[in-house]
Amino acid sequence: MGIRLGYYTEDPDTAYLIDSLCDYMEDLLVSFGGYLFPLVKGEPLGDPEAWLSDFWDRHIAVVERRLVKHGMKYLAGTERPTIADFKTFAPVSFGTSINPACKVPEDVEQRV
């Protein structure tokens, strides 16, 4: 779908940057979900300290390094967003108050 809608690239170097971010986010999903997804089973939230250190500290550092490295607005150094930008932003839209249905306590969210 990313190709069809113009959110991917034909340039192999840029494709690597996009794919590596998407793969990285897949690897981080366990640490993201470990905090929030117990709610789906009717259980309390997971360990907020682990969520902050294992997910957010790592996530923000990677995003920041990518943006600083190329100085562009989007993560793959492109002129417009790619699937990597959407995938990397998804936890922000799910795990912060940008989402009105967010279940993260305010004191935890403020530490993100």
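## Glu109 and helix α4

Glu109 is placed in helix α4, within a model that is predicted. The residue is buried yet takes part in no salt bridge. Its nearest side chain of opposite charge belongs to Arg111, which is 12 Å away. When residues up to four places away in sequence are set aside, Glu109 touches Thr96, Ser97 and Val104.

Arg111 itself is engaged elsewhere: Glu49 forms a salt bridge with Arg111. That pair is treated below with the other salt bridges.

## Overall architecture

The protein holds 4 helices and 0 strands. Read from the N terminus, the order of elements is α-α-α-α. Helix α1 covers residues 12-36, helix α2 covers residues 48-70, helix α3 covers residues 83-95, and helix α4 covers residues 106-109. Along the principal axes, the C-alpha atoms fill a box of roughly 45 × 30 × 25 Å.

Of the 112 residues in the protein, 36% are buried. Among contacts with a separation of 6 or more, 60% are made by residues 24 or more positions apart. The accessible surface amounts to about 7,100 Å², and carbon and sulfur atoms contribute 57% of that area.

## Charges and salt bridges

The protein carries 11 positive and 18 negative charges, and the mean positions of the two sets are 3 Å apart. The structure contains 3 salt bridges.

One of these joins the side chains of Lys87 and Glu26, with an N to O distance of 2.3 Å. Lys87 lies in helix α3 and Glu26 in helix α1, so this pair ties together parts that are 61 residues apart in sequence. Lys87 counts as partly exposed at 29% relative accessibility, and Glu26 likewise counts as partly exposed, at 42%.

Another salt bridge links Glu49 and Arg111, whose closest N and O atoms are 2.8 Å apart. Because Glu49 lies in helix α2 and Arg111 in the segment after α4, the pair ties together parts that are 62 residues apart in sequence. Glu49 is partly exposed, with a relative accessible area of 42%; Arg111 is partly exposed as well, at 48% relative accessibility. A further salt bridge is formed by the side chains of Lys41 and Glu43, at 3.9 Å from N to O. In this pair Lys41 is exposed, with a relative accessible area of 61%, whereas Glu43 counts as partly exposed at 37%.

## Cys22 and the α1–α3 contacts

Cys22 is found in helix α1. With a relative accessible area of 13%, Cys22 falls under the 20% limit for burial and is therefore buried. Leaving aside neighbours within four places in sequence, Cys22 is in contact with Ile83, Ala84 and Lys87. Lys87 is also the residue that meets Glu26 in a salt bridge.

Cys22 and Thr88 are separated by 66 residues in sequence, while their C-alpha atoms are 7.4 Å apart in space.

## Gly95 and Phe94 in helix α3

Gly95 is placed in helix α3. This glycine is buried, with a relative accessible area of 0%. Not counting residues up to four places away in sequence, Gly95 touches Phe32, Leu36, Trp51, Cys102 and Val104. Val104 is also one of the residues touched by Glu109. Gly95 and Pro105 are 10 residues apart in sequence, and the distance between their C-alpha atoms is 9.9 Å.

Phe94 is found in helix α3 as well. In contrast to the buried Gly95, Phe94 is partly exposed, with a relative accessible area of 39%. Patch residues must have over 30% relative accessible area, a condition that the 39% of Phe94 meets. Together with Phe37 and Val40, Phe94 makes a nonpolar surface patch of about 320 Å².

Technical notes:
Residues are numbered from 1 along each chain as its sequence is written. This is a predicted model: local features need pLDDT of at least 70, side-chain atom pairs count only at pLDDT 80 or more; totals for chains, interfaces and linings use all residues. Side-chain values use heavy atoms; hydrogens and water are left out. Patches are made of residues with over 30% relative accessible area and no salt bridge: like charges are joined within 9 Å, nonpolar side chains (Val, Leu, Ile, Met, Phe, Trp, Tyr) within 5 Å. Accessible areas come from the Shrake-Rupley method with a 1.4 Å probe; for residues, only the protein chains shown count as cover. A salt bridge is a side-chain nitrogen of Lys or Arg within 4 Å of a carboxyl oxygen of Asp or Glu. Helices (H or I, at least four residues) and strands (E, at least two) are DSSP runs, numbered from the N terminus. Buried means under 20% relative accessible area, exposed over 50%, partly exposed in between (1.4 Å probe, protein chains only). Contact means heavy atoms within 4.5 Å. Lys and Arg count as positive and Asp and Glu as negative; His and the chain ends are not counted. The place of a charge is taken as NZ of Lys, CZ of Arg, CG of Asp or CD of Glu.
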